[in-house]
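Keep the model open in a viewer and follow the stops below in order. Each stop says what to select and what is found there.

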Amino acid sequence: MYKNLIKKIKLIPLFCMALILNACKDNESTIACQVDGNKAFKYVQQQCAFGNRYSGTEELKQTTEWIVKTAEKLGYQPKVDAWQEKTILGDTTFRNVKATLKGGKPGKIIVGTHYDLKYFKEFPKGFTGANDSASSTAVVLEMMRVLKPFAKELSTIEFYFFDGEECFENYSDTDGLFGSKRAANKIIKDGTVTDYKAMVLLDMIGDKDLEFTWSIDTNQRMVDYLKDAAKKLGVLNKVKMLNNLILDDHVPFQRIGIPAIDLIDFEYGEDNQHWHTGGDHIEHVSAESMAIAGNVANLMILAISQED
Ligand SMILES: [Zn+2]
């Protein structure tokens, strides 16, 4: 009996202990630690197996189909938005996937990730994009599973899987952030921008040595939500401000006036040595880091949903 109890306690991840010891509101404590890092890790493996899945490739199309199937298995009705744009590789087809969880609270929240791989003329040996972008894609799928039963307590959540975050050459008005720009423009065209309370983006959150950053221009309210969630999970030491601006898929939403935050660990290995190199490999991705990222984001979403 005693041994069993010890075993059970050991199974609770350390980062959840602080939360359990803190007096938490009911929904918080039930949502708090449910993201399964091992499930996310399997999702990373499945994505990496598709190969060089950069925008416009058959490999990425297979990844799109895999996201759609996985979302359907989770009880969603995902929609694919496909379009073409000129890139240095010629006319390129992009595909965003969006899955909506209709909530019982007012407003909408976007949860985003990109799922395309960085293009290289010559791919670095060993580069699989396990962290950039399979890890955040995996975590968003896990968040979809965990949040679904709590829909009544949430604003309507739009889960976005963006294509074309990576630029082919250099970021410019016509290169990079293809999918997020497309989605933000649609919101403007539809005239629904005021429906949106927030946008939470996840990117590169699988590093073993996880440290989230937010860029200096982030809306203070969003930073407070992040710190509060991290504190409740006992991982406040893993979040800090990056004394810099970050260009990522949150920017097109920020530009149209939606409070947005990018949860990104922009130090992948020492001095970011694994970023866009052969070091971006499954062996450098951690199930526990993905669980922390997903749980922090889930608590943020629950809190933002309670706003009127
Ligand atoms: Zn990248």
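Select β2 (90-101) and β4 (156-162) together. The two strands run antiparallel, and 5 bridges join them. To find one of these pairings, pick A99, whose bridge partner in β4 is F159. This is a predicted model, and every value in the tour is computed from it.

Keep β4 selected and add β3 (108-114). Here the sense changes: β3 and β4 are parallel, with 7 bridges between them. I109 stands opposite I157 in β4. To see how the chain gets from β3 to β4, show helix α6 (residues 130-147), through which the chain crosses in a right-handed β-α-β crossover. Now color β4 by burial: 6 of its 7 residues are buried, and the strand is mostly covered.

Stay on α6 and select V146, which is in this helix. V146 counts as buried because 20 C-beta neighbours lie inside 10 Å, and the cut-off for burial is 20 or more. Which residues is V146 in contact with, leaving aside its neighbours within four places in sequence? They are I31, Q34, V35 and N298. For a distance along the chain, draw a line from the C-alpha atom of V146 to that of S136: the two residues are 10 apart in the chain, and the separation is 15 Å.

Next, follow the chain out of β4 into the loop that leads to α7, and stop at L177. L177 is not a glycine, yet its phi is positive, near 55 degrees. Is L177 buried or exposed? L177 counts as buried, since 23 C-beta neighbours lie inside 10 Å of it.

Continue into helix α7, residues 178-190. Its 13 residues reach 19 Å from the first C-alpha to the last, close to the 18 Å expected at 1.5 Å a residue. Show the side chains on its covered side: the buried residues of α7 are F178, G179, S180, A183, A184 and I187. What do these buried residues pack against? Their partners are the strands β1 (79-87), β2, β3 and β4, together with α9 (251-255). Just after α7 comes G191, with a positive phi of about 70 degrees.

Move on to the loop between β5 (196-203) and β6, and select M204 there. M204 has a positive phi of about 55 degrees, although it is not a glycine. M204 is also buried, with 26 other C-beta atoms within 10 Å.

Beyond this loop, select strand β6 (residues 212-215) and strand β7 (residues 239-242). They pair in the parallel sense over 4 bridges. One pairing to pick out is S215 with L242, its bridge partner in β7. Add helix α8 (residues 220-232), and the three elements make a right-handed β-α-β unit.

Now turn to the nonpolar core. Select V200 and I301: of the 77 residues in the largest nonpolar core, these two touch the most other members. Helix α10 (residues 287-305) gives the most to this core, with 12 residues. Which residues does V200 touch, not counting those up to four places away in sequence? The list is I109, V111, I261, L263, A297, M300 and I301. I109 is the residue already seen opposite I157 in β4. A second core, separate from the largest one, has 5 residues, including L60, L117, Y119 and F168.

Finally, zoom out to the whole chain, which has 10 helices and 8 strands. Its radius of gyration is 18 Å, close to the 19 Å that the globule rule gives for 308 residues, so the chain is as compact as a globular protein of that length. Taken along the principal axes, the C-alpha atoms fill a box of roughly 65 × 45 × 40 Å. Of the 308 residues, 48% count as buried. Among contacts between residues at least 6 apart in sequence, 80% join residues at least 24 apart.

Definitions and conventions:
Residues numbered from 1 in each chain as written. Expected span 1.5 Å × (residues − 1). Buried ≥ 20, exposed ≤ 12 C-beta atoms within 10 Å, placed from the backbone. Contact = placed C-beta atoms within 7 Å. Pairing = 2+ DSSP bridges. Right-handed = clockwise from strand over helix to strand, strands pointing away. Rg over C-alpha atoms; globule rule 2.2 N^0.38 Å. Core = buried A, V, L, I, M, F, W, Y, C linked by C-beta atoms within 7 Å.
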